[in-house]
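Colleague: Could you take a close look at one helix pair in this model for me? I'd like to know how the two helices sit against each other, and what sort of chain they sit in.

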Amino acid sequence: METPSYCATPSQSVNPLATQGMVTSPNHLATQAGLDVLRRGGNAVDAAIATAVTLAVVYPQMCTPGGDNFWLIYNAGTGELRGLNASGRAGKKATIEYYREKGLKNIPSRGYPAANTVPGAVSGWGEAYAYSRSSLHGSLPWKELFTSAIAYAEKGFPVSTSLARWSAVNADTSDKEFRDLQRFPEFARVFMKNGAPLACGDLFRQPDLAATLRLLAEKGASEFYTGSIAKKIAADMKAHGGLLTEEDFAKHRADWVTPLRVPYRELEACNLPPNTQGMASLEILNILNKFNIKDMGEGSADYYHAVIEATKEAFADRDACLSDPAFVSIPLDRLLSEEHGQEQAARIRMDRAACSGTPLDPKGDTVWLGVVDDRGNAVSLIQSIYHDFGSGIVAEGTGVLLQNRGSFFSLDPEHVNRLEPGKRTMHTLNPAMLLKNGRPFLVYGTMGGEGQPQTQAAIVTRVVDFCMTPQEAVTAPRWLYGRTWGASSNDVKLEGRIPVSVVEELAGRGHPVKVVEDFTDTMGHAGAILIHENGVLQGATDPRGDGLAAGY
């Protein structure tokens, strides 16, 4: 008799309704950690931290303490929406000359040369917690927000479908550039089981990470940047010719930023400013606001065509302008203006696809989570290590898997996103909210690199224009304009549930279509929380992942 599979099918989505609080994330254990904090009197920020820290343990293929995060936080008491940029900057040794002297034309995606930016995630947790205490009447002790994460790291947790899948993918010894991560000894020791990838249902323990999280819980976020953790990571870097130093860690700061806004129908779409691609997500909505999307019909060829063409327009601006605003002047007022949106919309031909532009980056693994509490405070948070399992480098003695976000920098001195010490790279991460009369109406977001602005547009148009529930909007067939590893040009990936007639119509308009499997996580793991006028919260999680939306 065969042993039954732990993970035979994708998670089954539900449509939870609640009034006291709601949490949605791409892993059920993390969602429960956040919900537990809400039940104990924590606010939305407290719950978001607990969820994010737990995700950094149970979803290491997509986020760890060695990555970055970005926040949108709505304060129900003041009516203020704040943004927090907790992304890291390139180390002082990270220069174009360093890589050129090694004969490299691009920054490697894996290994120590890829880990060239300071991880910002922990600073985001710390700064958000300070805001919770000072402005949201937070009372839960910092260390209590780490309880679930430490327990899962120390005692272990069952490997999920997604973690097992990406563990197997990265054990591919035929792909020495992007995969074969067991070539890094500390990665193999921590993330392999007797030389084999983790399998669904395996009990996975991370004792070194548990010790690191305990230090953070007892001493605070600063321990990661000026304490023993920073010293261990810097020492590991030095021993292997890496680029980050103790000084780089000590200089790091997370920054509060002013969210960007554009109108969409009678609502206001909000996102983060550069160095994130939030401007692109908002440009897409600014363009679509000039079309009668509702009359096109959800799921029609016209609908898909309009959003794909709006994406091309927005990405052209993004790729030409987006980088660290401390180094580059970005004309945001013009790019998000009504006039520019009209010009972009006027260039879209409904009978013909525009020529594809620069090939889009094919990868970016991320987690998005959302929280709303009983006072109306709301958090949209996104956290990432860039590629699946980031750089593949685990700093010895810490259990911290470091991101490879800095591999997104260009080594072309004329490129807008060129590498410079102290600079933040262009980031695909961008958490989102829709406001109605100044208050949160929809808290939403997704993982998926280039797919984030596209999936955000899908969720907004389906909820606002087609009156879908958030779960219906997340579950409905999706598309992805971009490319895959090894491809030289962009195509349009369409989930197989999209009718053949629609696929053929899009191909006839010039879209290079490619039909992919249903519910593929290539489309990212999205989520949303809808806040009804009577205070009822309605959550959604993505059946393409291992997530859970839950409230009470």
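**A helix pair and its surroundings**

Modeller: Sure, and keep in mind that this is a predicted model. Let's start with the whole chain: 63% of its 552 residues count as buried. The chain has 19 helices and 23 strands. Its radius of gyration is 22 Å, close to the 24 Å the globule rule gives for 552 residues, so the chain is as compact as a globular protein of that length. Taken along the principal axes, the C-alpha atoms fill a box of roughly 60 × 60 × 55 Å. If you look at contacts with a separation of 6 or more, 73% of them come from residues 24 or more positions apart. As for the outside, the accessible surface is about 19,500 Å², and carbon and sulfur atoms account for 51% of that.

Now for your pair. Two packed helices are described by the angle between their axes and the distance between the axes. Here, helix α2 (residues 44–58) packs with helix α5 (residues 147–155) at an angle of about 10°, and their axes are 8 Å apart. Angles under 35 degrees count as roughly parallel, so α2 is roughly parallel to α5. On the α2 side, the contact is made by Val53, Thr54, Val57 and Val58. Facing them from α5 are Ser148, Ala149, Tyr152 and Ala153. Sort the contact of α2 with α5 by class and you get six nonpolar residues, two polar ones and no charged ones.

Methods: Residues numbered from 1 in each chain as written. Predicted model: local features only at pLDDT ≥ 70, side-chain atom pairs only at ≥ 80, totals over all residues. Heavy atoms only, no water. Axes fitted to C-alpha atoms, helices over the stretch in contact; angles between N-to-C directions. Helix = DSSP H or I, 4+ residues; strand = E, 2+ residues; numbered from the N terminus. Parallel < 35°, antiparallel > 145°, perpendicular 65-115°, else oblique. Contact = heavy atoms within 4.5 Å. Nonpolar A, V, L, I, M, F, W, Y, C, P; charged D, E, K, R; others polar. Rg over C-alpha atoms; globule rule 2.2 N^0.38 Å. Buried < 20%, exposed > 50% of the residue type's maximum accessible area, 1.4 Å probe, protein only. Areas by Shrake-Rupley, 256 points an atom, 1.4 Å probe, with all protein chains shown as cover.
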